Amino acid sequence: MQALRETLHETWRFYRKTLTLVLTGTREYYLWCLLLLSIMFLGLLFYLPQVYTGLITTNMKDQVVWGLYIANFTYLVGVAAAAVLLVVPAYIYQFGPIKEIVVLGELFAASSIIMALLFVMVDLGRVDRFWHMLPLIGSMNFPNSLLAWDVIVLNIYLVLNLLIPVYLLVKTYYGKEPNRKFIVPLILFSIPMAVAIHTVTAFLYNGLPARPFWNASILAPRFLASAFCSGPAIIIIVFQILREYTFIKLEDRALFKIAELMAYAMFLNLFLLMSEMFKEYYSNTVHIASLKYLYEGLHGKNALVPWIWVGTAMNLIAFVIFLFPAMRKRLSTLNIGCILIIAGVWIEKGPGLVIPGFVPDPLGEIYEYMPNFTELFISFGIWATGLLIFTLLMKVAIPIASGEFSHAKYIEERPASDWQ
Amino acid sequence: MRDKLYTRREWIRNLCLTALSGSAISLISSCGKEEVEDFLQKHFLEMTREEKEALITRLEARYLKKYGRKFKVSAQEAIPDTLWGYGLDLSRCIGCRRCVYACVEENNSSRLKPQSQWIRVIRLKKGSLVDLENSEHYYNPDLVPEKDFLYMPVQCQHCENPPCVKVCPVHATWKEPDGLVVVDYNWCIGCRYCIAACPYRGRIFNWAEPNVPSDQWNTSVHYLGNRPRMRNVVDKCTYCIQRVRVGRYPACVEACPTGSRKFGNLLDPQSEIRYVIENKRTFRLKEDLRTEPKFYYFFEA
Ligand code: SF4
Ligand code: SF4
């Protein structure tokens, strides 16, 4: 009884302290959160009419039924997968500098998955019926529908990526050693899951013979390769920011190591793209239509052409930057490369993958889709939500990792009134 | 097998839903009774006969209130030993689109903003019959037919092997025993995965609340067919399930001025569609995808 009361008391203290941590900060911190909150609010203002009038408030039509939301979803799944795959070398090779990244990387993955799931939710016409998809309660079409698979693996992955870092952090808070028997299998399990979320998402498109653009077996490998570029690129930038604003001391060496991995990934990505290009252009069958629409326009319709070329150019330049150690080992060029990759892969993997699948439609009609303000602002709102979640997680995780926020400290500091 | 599975599942579901609705009493009392009913409504195939009847009474009352018209909602089941099949004579079709508009009226499809049509007639150059990439969807001459073109109406082909059913994450769409592919509009979550999967553009999304002038409602409806839909769900051609299950022709068959459209039971050797298959040169669209459409295009031999 006494023990239970103590535990409850302790938990409550922990929450209270966490809340204080989250609610207090520098001026910059408040401004940043305020900015994110207002973007989220704006997104909500656009989302409500979409729910109550219908998806007609977007620019999607029967010809192109998925647009910006699903594009962002696809991209974020890749980012989330890659964030964890970065964690692997830290554990397996005990590569010192990366080890600090583990907890943060997984929290980042969790934030990305939450964003990805939010993008699916805003795309659903009837969110009110979401429970139809839940296993047992609803009527999930498992194992036939890849969307059902995706919901399952994404949620498992989300739970893993919250469980592992939270467990490690709580242990650190109490100054205890984590139970390796418990946590190592979980971490190892998160590796195949990272591959799984990405593969399943690729298969979601891949399994549609009606859409030749996606119905190519190279799709899943391409997904993985491009995710290995964009995910780490974002991480490199995020960690530099954290290093700037928090105590976290991250050696440049760790960043350069990641950059080296990215060079290989980008090579693979470009190689797979080239293979696909060769097959389509050399055989030149009817299946080339979507690819043509994307890269050179079809029947005079070419809305995506400038985008994809800018994206491809970005990827190529970034590849060159990462290829030469001299360039990837200088922070300024490294950062340029990362930003190019983040944007380039977004274009290629997001809109560049989703939209051409629908153009031309199965009866040959071409509808040139471009997102409208509703879609843009809702998307910004979701990105802001993800960033806010990540910021708040960091606000708690970093002081714990640094030892600044710990149980031992609390015991030292607690006021006399708490004694008894 | 389905039944057994569902009893256990139902139990769990009821438990969860009770908990859910119990904990959300304040929320639920703040929104209308209709919303609650809709929210808790079961999958059509899992309802008992009594539940279906209650549902239909409820819907009829609701439609009366909402649209000011007295609807007759049917939930008639498939006639045994039938498998509906369609035939379309490409040498006769003149591309007048009367079927398109007959369908819109029969099936209570949205008229304007958005306009929703289940049949699409495409115009192809003579000499390249299935070159869909060069099809014209919005041809609009003063007079049809035009000399150099032929016309191909396309609607849901009621595949025996329907990819749309395979991909739906929630079983909101399925193939009935008589071969009709239908949607439970109250179960669909509006993800549009089925539209992505359909190779024939057979499925249409209700991007907004469908809009039909109140004097133009067809009040004789089927639950799985032409009953009034709601926003953000998918719908599609059902070969006029409300008609064919009571022995009538689909509306498009009746509307066609050239008699290009044939319809019948594929299992009945005496049916029109069997005659077409045996005596004409038929083909099906995109047979390479193995969707096995029950929609046969043919030419006068
Ligand atoms: S034509 Fe399309 S909608 Fe109709 S059954 Fe086949 S796949 Fe489904
Ligand atoms: S839109 Fe509706 S019918 Fe189509 S796949 Fe999604 S839930 Fe199923």
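**Worked exercises: a ligand shell, two cores and an interface**

Of the 13 residues around ligand 1, the nearest are Cys156(B), Gln157(B), Cys159(B), Cys164(B) and Cys198(B); near here means having a heavy atom within 4 Å of the molecule. This is a predicted model, where local features need pLDDT of at least 70 and side-chain atom pairs count only at pLDDT 80 or more, while totals for chains, interfaces and linings use all residues. Residues are numbered from 1 along each chain as its sequence is written, chains are lettered from A and ligands numbered from 1 in the order in which they are written, and side-chain values use heavy atoms, with hydrogens and water left out.

**Exercise 1.** Sort the shell around ligand 1 by residue type.

*Solution.* Start with the classes: Ala, Val, Leu, Ile, Met, Phe, Trp, Tyr, Cys and Pro are nonpolar, Asp, Glu, Lys and Arg are charged, and the others, Gly among them, are polar. The shell then splits into nine nonpolar, two polar and two charged residues.

**Exercise 2.** Place His407(A) and work out its surroundings.

*Solution.* First, find His407(A) in helix H17 (residues 407–413) of chain A; helices are DSSP runs of H or I with at least four residues, strands are E runs with at least two, and both are numbered from the N terminus. Next, check exposure: His407(A) has a relative accessible area of 18%, so it counts as buried (under 20%; exposed is over 50%, partly exposed in between, with a 1.4 Å probe and protein chains only). Now list contacts (heavy atoms within 4.5 Å): beyond neighbours within four places in sequence, His407(A) meets Glu10(A), Arg13(A), Tyr173(A) and Tyr174(A).

**Exercise 3.** Find the largest nonpolar core and look around Trp66(A).

*Solution.* A nonpolar core is a set of buried Ala, Val, Leu, Ile, Met, Phe, Trp, Tyr and Cys residues joined through side-chain atoms within 4.5 Å. The largest one has 153 residues, and Trp66(A) and Trp214(A) have the most contacts inside it. Helix H3 (residues 68–85) of chain A is the top contributor to this core, giving 14 residues. Leaving out residues up to four places away in sequence, Trp66(A) touches residues of both chains, including Trp214(A), Phe358(A), Cys191(B) and Tyr193(B).

**Exercise 4.** Describe how chain B meets chain A.

*Solution.* Count residues: 56 of chain B contact 50 of chain A. Then take the area: about 4500 Å² is buried between them, with carbon and sulfur atoms giving 57% (accessible area, 1.4 Å probe, that two parts lose on being put together, summed over both). On the chain B side, Glu133(B), Tyr193(B) and Trp207(B) lose the most, together 17% of what that side buries.
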